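Please follow the description below with the sequence and the coordinates side by side, beginning with a sheet in one chain and then turning to a pair of helices in another.

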Amino acid sequence: MSALAVTGLSIRHADGRELVHDLSLALAPGERLGLIGESGSGKSLTALAVMGLLPAGMAAHGSVLLGGTQVIGTPDRRLNRVRGRAAAVVFQEPLTAMDPLMRVGRQLAGPIRRRRGLRGARLRAAVLSALAEVRLPDRAAVAYPHELSGGQRQRAAIAMALACEPELLIADEPTTALDVTVQAEILALLDGLVTGRGMALLFISHDLAVIAEVADRVVVLKDGSMVESGRTRDIVREPRHAYTRSLVDSAWALEGELDRLAP
Amino acid sequence: MRGRLTFAAGCALVGLVLAVALVSLVWLPYDPADTTGGRLAPPGGAHLLGTDKLGRDLLTQLMAGARTALIAGIGSVLVGGLLGVTGGLLAGFATRWLDDALSAALDIVIAFPTLLLAMLVAAAREASLGSVVLAIGLGMSAIVARLTRVLVKRVLAQDYITAARTSGTSWPRIVAEHVLPNIWPMLLVNLALQLGLAVLAEAALSYLGLGPPPPNASWGRLLQEAQATVLTAPTGAIAPGVLLVVLVVGTNLVADGLRDLADPTRRRSR
C-alpha cells in the first residue's frame, strides 16, 4: 500500500476558477518526493487537499488515497482518525502554526496523549524526549512560542508533527521563513528524522536547491498543472519543459554569481 | 508591570465601592426611608453628608445606592455575557446563511441605542431592579455577541487551528483547547468595560425616572433629585457623581490591566 496516491486531483474555487488541474502523484512508504513551483502554483493547496482541509469555498475532485483511505468525499469525523497517523504537516511559518497562548510542552503533549495514550509523568517524559529528538532543551517545554527563536519554533513544530507518528510527513516550505544558516540545520534535522523513522516525505518548496537536497523525485507544478516529473538528478541535469529549465537556469545563475564573487 | 499597577488601582477603586455596598447590607447610619432629618440639612453633625430635599440622610442613600449600582452592573454583565458569548460562538461556527441571519439580527439590535432599548423594556415591564438588569443585559448581549463572533472567526482562520486539525484533533477539543483560551482574554477585558457602561446605564435610566423604583436607592435618581438644589446644597449632586466616577474609572482600569495581564505575549515583552 502506498503512503499517498493522488490521481486526477483538481481543485476548484467556488467562483469557477480551477486552481489545481488533473494532478497525479504517488509516494511509496519511505519515499521522498519534492513538489516545486512558484507562489500560487497550487503547491500548498495540494497539501491541504491531501489532508482533506481545503478552505471553505474550494472543492477537490479526483482521488486522494492517504494511507489507504479515500480523502475526497469522506466525512470530517472519519478523516480525523486518519489525520496525524497517515500524514502530518509542518507549515511554513512556525509562529502562526502554534497556539500563542499555550506553552510548547502542552501543545506537544496533545498529539502524544492521543496517539500513545500516555498520562502524567510518562506523558511529561515523552514530551521531553520529543523535544530532545529535535535538539530542543527541556526548558523549551515551558516556553510560549514567541519566546523561542524562529529556528527553535520550527523544531518545535516538527516535533508536534512527529508526535503524531505519521507514515507521511508533509513539509510545506518548512525553511522559507528562516535564515539561511538555520535553513541548513532544519533541513539536516528533517533529513535525519525522516530517514530514522522510515517516513515518506512530501517536501514542498519553490527552491530547487533545497528540493535537490532532500528529495529523490520531483514534481514540477506551474499554474496548477504538473509540467514535469522524474528523478531529481535527471531533472536538474536535463530539464525538458521550458519552465523547469528556467528554474534550473536561475539556480545555476545564482551559483555562478556566488562563484564569481568568491572564487 | 504597568498592567499590574493599573489592575491594582482599578481593583482598589471597585473594591472601595464593593466594601461600601457590603457594609450597607449590615449597617446603615439611618433607615433609607427615614425622612425625619429635616430638608437639605448641611453636612456635619448628625448627618455626615447632610440630607436631601426629602429629609433623608445622604450617606445612607449613597451606601444603599452602591448596592443598586453593583447589582445592576454585575447582573447586566451576567445576562449580557451569557447570552452574548453563547450567541457569538454559535454565529462564529455557523454555516454561512445562519451566520448571515444572526449577524443581521445583531446589527438590528445594535442599531438601537442601548438606552433606548432599555427604556423600551423598562416601559413594557413593571419597573423593578430586575427589569433594569434585563434591559441593560439584552442591549449588551448584542455587542458581546458581535465581538465574540469576530474573535471566533479570527481564531478559526489562524494557522494553528489548521495545524491542530492536520494532527487529527476533534472540533470539541479544538474549541476547548484553542478557541476559548484565545478569545477569553479579550472577552474578559470587554466584559469589564461593559460592567462600567452598565453602571452608567442604570444611573442614566434612574435619572430619567425609568430605573429601579423606590425604595431602591439609586445614584442616578439622587443626581436627578439634587438637580434643582445644586447651588444651595451642592453635596447632594457632587457625592453621587464622585461615586459613579470612582466605580466607572475603577472598572475601566481593571479592564486595561486585565488586557496586559491576560496576554502572555504582552506580559513577557514588558
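Two strands are taken to pair if DSSP finds at least two bridges between them. In this predicted model, strand S3 (residues 32-36) of chain A and strand S9 (residues 217-222) of chain A are joined by four bridges and run parallel. Within this pairing, A:Leu33 of S3 has A:Arg217 of S9(A) standing opposite.

The two strands belong to an open sheet of six strands in chain A, whose order is S6-S7-S8-S3-S9-S10 and whose pairing is mixed. At its edges lie strand S6 (87-90) and strand S10 (225-231) of chain A, each of which pairs on one side only. From one strand to the next, the twist averages 15°.

In chain B, attention turns to helix H7 (residues 171-207), which has a kink of about 40° at B:Leu180, shortly before the proline B:Pro181. After H7(B) comes B:Gly209, with a positive phi near 85°.

H7(B) also packs against helix H9 (residues 235-262) of chain B, at an angle of about 175° and with the axes 8 Å apart. Because angles over 145 degrees count as roughly antiparallel, the two helices, H7(B) and H9(B), are described as roughly antiparallel. On the H7(B) side the contributing residues include B:Pro185, B:Leu188, B:Ala192, B:Gly196 and B:Val199, while those of H9(B) include B:Leu244, B:Val248, B:Asn252, B:Ala255 and B:Arg259. Sorted by class, the contact of H7(B) with H9(B) has 16 nonpolar residues, three polar ones and one charged one.

Technical notes. Residues numbered from 1 in each chain as written. Chains lettered and ligands numbered in written order. Predicted model: local features only at pLDDT ≥ 70, side-chain atom pairs only at ≥ 80, totals over all residues. Axes fitted to C-alpha atoms, helices over the stretch in contact; angles between N-to-C directions. Bend = angle between axes of the 7 residues up to and from the residue. Parallel < 35°, antiparallel > 145°, perpendicular 65-115°, else oblique. Contact = placed C-beta atoms within 7 Å. Nonpolar A, V, L, I, M, F, W, Y, C, P; charged D, E, K, R; others polar.
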